[in-house]
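User: I'd like to go through the pockets and a bit of helix packing in this model. Can we take it one question at a time?

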Amino acid sequence: MPCPPPRRTGLSQGIRSRADDGWAPRDIARGEHQTYTSPVWVSRGASEAPTNPAPRRHRSTVVRGEDGTNPEKAPTRWLAGAAHALGGLLAAGAALAVAELVASGVRREAGPVTAVGGAVVDRTPAPVKDWAIETFGTHDKLVLRLGIVALLTLFAAALGLLAARHRRLAAAGVLLFGVVGVLAAAERPDAGRFDAVPSACGAVGGALALYLVAGRAPAPTGRRSPTEPGPPRPDFDRRAFVVAASAVAATTAGAGFVASRVNAAGRAEASAGRAAIRLPGPASAAPRMPRGAELRVPGLGPLVTPNADFYRVDTALTVPRVDAGSWRLRVHGAGVTRPLSLTFDDLLRRELVERRITLTCVSNPVGGPYAGNAHWIGVPLAEVLREAGVRPPSAGGQADQLVSRSVDGMTIGTPVETVLDGRDALLALGMNGEPLPFAHGFPVRMLVPGLYGYVSACKWLSELELTTFDTYDAYWVERGWSREAPIKTQSRIDTPRGLARLTAGTVQVAGVAWAQHTGVDGVEVQVDDGPWLPAELADEDSVDTWRQWRWEWRAEPGRHQLRVRATDRSGETQTADRADPVPDGATGRHSVVVDVT
């Protein structure tokens with residue numbers, strides 16, 4: 001007897017049995033069907049015994065939608081989105097790895113993250129920079145790098161999702177991001193001829209990676225984009241996607257590994273070159289430090305700041321590692337009758353001097369940490385300028401501004417009159433008995449006592465140009481800071497710290513005060529709204545160094561506020577008026593609140 005058609009329930013609607021009488025399934029959901037043969041048992045009902053127990057081959061049909069895909073094998077929407085987002089992230093990683101690999105052959109500073117980060121720093125308003133330094137301290141550059149990477153991650157994931165429907169457009173987006181890196185690298189003040197190449201190569205590599213991985217990833221609905229040419233997509237091939245993604249990831253890892261090894265080798269070579277330098281003894285050593293110049297108070301830092309603890313504030317996202325053997329210092333400009341080109345060995349052969357000098361950053365808030373004192377060994381800057389024929393404006397010189405340039409493009413403007421007035425302005429080669437650390441300007445930096453660093457302390461020095469303030473604005477002056485910036489008299493409480501819990505009785509209050517090239521003559525402390533009481537001053541090392549102080553306080557239970565103020569040798573007392581660092585240094589009096597029990 002004829003075999004009745006099976007019941008159309010559940011998943012059986014997608015599979016039909018065809019009996020010998022030629023019965024065929026109806027068109028389900030207006031989709032097309034295709035047939036294949038498979039062995040199935042035919043049920044004849046519970047009361048009938050099968051007359052032919054052998055399996056019969058029947059033709060079965062798998063229903064496909066209008067897009068030609070099998071709905072049972074189509075990926076879920078979230079899986080498709082995750083696959084495409086992953087593709088975008090892999091493409092970003094490939095772009096960065098390729099760019100860094102190429103940059104290792106050009107120069108490290110040409111990498112896209114460094115180039116874009118430098119462009120961000122250059123265009124950031126001064127108050128925002130000041131906030132970043134005050135909030136993140138010396139970690140501000142790390143925070144900037146992490147921020148760039150975070151934005152790149154979001155951008156990459158978005159492009160990956162876009163590639164689900166517009167693969168070519170998404171790849172073009174990667175190229176567009178590469179253009180940003182190219183422009184940022186090309187516009188840097190220290191840009192080299194090939195600095196744009198790493199970003200361009202990285203963009204091409206990232207675009208190809210995205211196009212490859214997105215082509216293996218599923219569309220969100222299992223269908224192609226209406227604008228995407230070609231036949232209907234086959235069912236999602238997970239193996240092909242995994243292979244493509246793994247290939248991109250492996251290539252990225254390989255390129256990143258090679259770039260890191262090349263950069264590590266370059267750093268090791270630069271470090272070995274620095275370690276091989278032996279600084280000669282100074283012809284003029286620093287005066288002997290007075291016995292009472294350093295107070296022994298717990299919580300009070302040393303008079304001379306160790307190199308590892310010395311503050312660092314600059315705009316360099318990547319610390320330059322300059323080869324001292326190939327380094328040159330060019331001296332030229334208005335009023336220079338004998339232009340100079342000096343090597344590092346030329347400076348070593350000169351008579352060196354050693355001085356202890358306190359440096360202060362203009363971004364230092366009241367009571368802040370961006371001040372440090374060190375032994376410096378170097379060549380007197382005034383001697384070099386006079387050798388080049390430079391005269392101060394008061395003696396008929398043509399130039400009133402000395403512009404120092406760093407290898408990373410930073411420019412700093414210093415008054416010529418100040419440099420030549422007899423103070424110990426130096427081309428420093430050593431710091432605390434060793435060659436300058438890379439982070440502090442190796443092989444040569446400039447410093448001028450009594451001026452904030454942004455107008456005097458150029459690191460990684462490469463050029464000195466004589467000009468005028470009317471003709472040229474240095475980096476920070478272009479961004480709203482003052483042309484001239486003598487250091488303001490300041491003082492700081494180092495111990496006890498703010499919100500410290502103290503025991504009633506005698507408490508040592510101590511700190512430092514500075515008024516470089518003027519000298520500190522007095523420090524006073526106030527408790528709450530009481531009278532100002534004189535503190536004990538340590539012996540003065542020199543007018544160019546900070547001075548330690550201490551005061552014994554008979555602390556009584558309760559919450560108290562301690563304030564400090566200094567008076568310099570000119571008789572000027574530190575003002576109580578609060579002012580931000582911009583445009584020429586912060587003012588105000590440092591205070592801490594403590595609890596006494």
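User: How much space lies in the second largest pocket?

Analyst: Keep in mind that this is a predicted model, where local features need pLDDT of at least 70, side-chain atom pairs count only at pLDDT 80 or more, and totals for chains, interfaces and linings use all residues. Residues are numbered from 1 along each chain as its sequence is written, and side-chain values use heavy atoms, with hydrogens and water left out. On a 1 Å grid over the protein atoms alone, a pocket is an open set of points where a 1.4 Å probe fits, with protein on both sides within 12 Å along at least five of seven lines; lining residues have an atom within 4 Å of a point. Volume is the space filled by probe spheres set on the points, and for the second largest pocket that comes to about 620 Å³.

User: Which residues are closest to the centre of the second largest pocket?

Analyst: The lining has 28 residues. By type, they split into 11 nonpolar, 7 polar and 10 charged (Ala, Val, Leu, Ile, Met, Phe, Trp, Tyr, Cys and Pro count as nonpolar, Asp, Glu, Lys and Arg as charged, the others, Gly among them, as polar). Closest to the centre are Arg-107, Glu-109, Arg-321, Val-322 and Asp-323.

User: Which helix gives the most to that second lining?

Analyst: Helices here are DSSP runs (H or I, at least four residues), numbered from the N terminus. Both α1 (77–106) and α7 (238–275) supply at least two residues of the lining of the second largest pocket. The top contributor, with 8 residues, is α7.

User: Why does the second largest pocket lie between two domains, and which ones?

Analyst: The bounds come from an automatic or database domain assignment. Both domains give residues to the lining of the second largest pocket, so it lies between domain 1 (78–219 + 237–267) and domain 2 (328–479).

User: And the largest pocket: how much space lies there?

Analyst: Its lining has 40 residues, with Ile-133, Val-313, Asp-314, Thr-315 and Trp-476 nearest the centre. Of the lining residues, 25 are nonpolar, 6 polar and 9 charged. The space in the largest pocket is about 770 Å³.

User: Is α4 roughly parallel or antiparallel to α5?

Analyst: α4 and α5 pack with their axes 8 Å apart, at about 155 degrees. Axes are lines fitted to C-alpha atoms over the stretch in contact, and angles run from 0 to 180 degrees between N-to-C directions. Angles over 145 degrees count as roughly antiparallel, and under 35 as roughly parallel. That makes α4, relative to α5, roughly antiparallel.

Methods. Angles under 35 degrees count as roughly parallel, over 145 as roughly antiparallel, 65 to 115 as roughly perpendicular and the rest as oblique.
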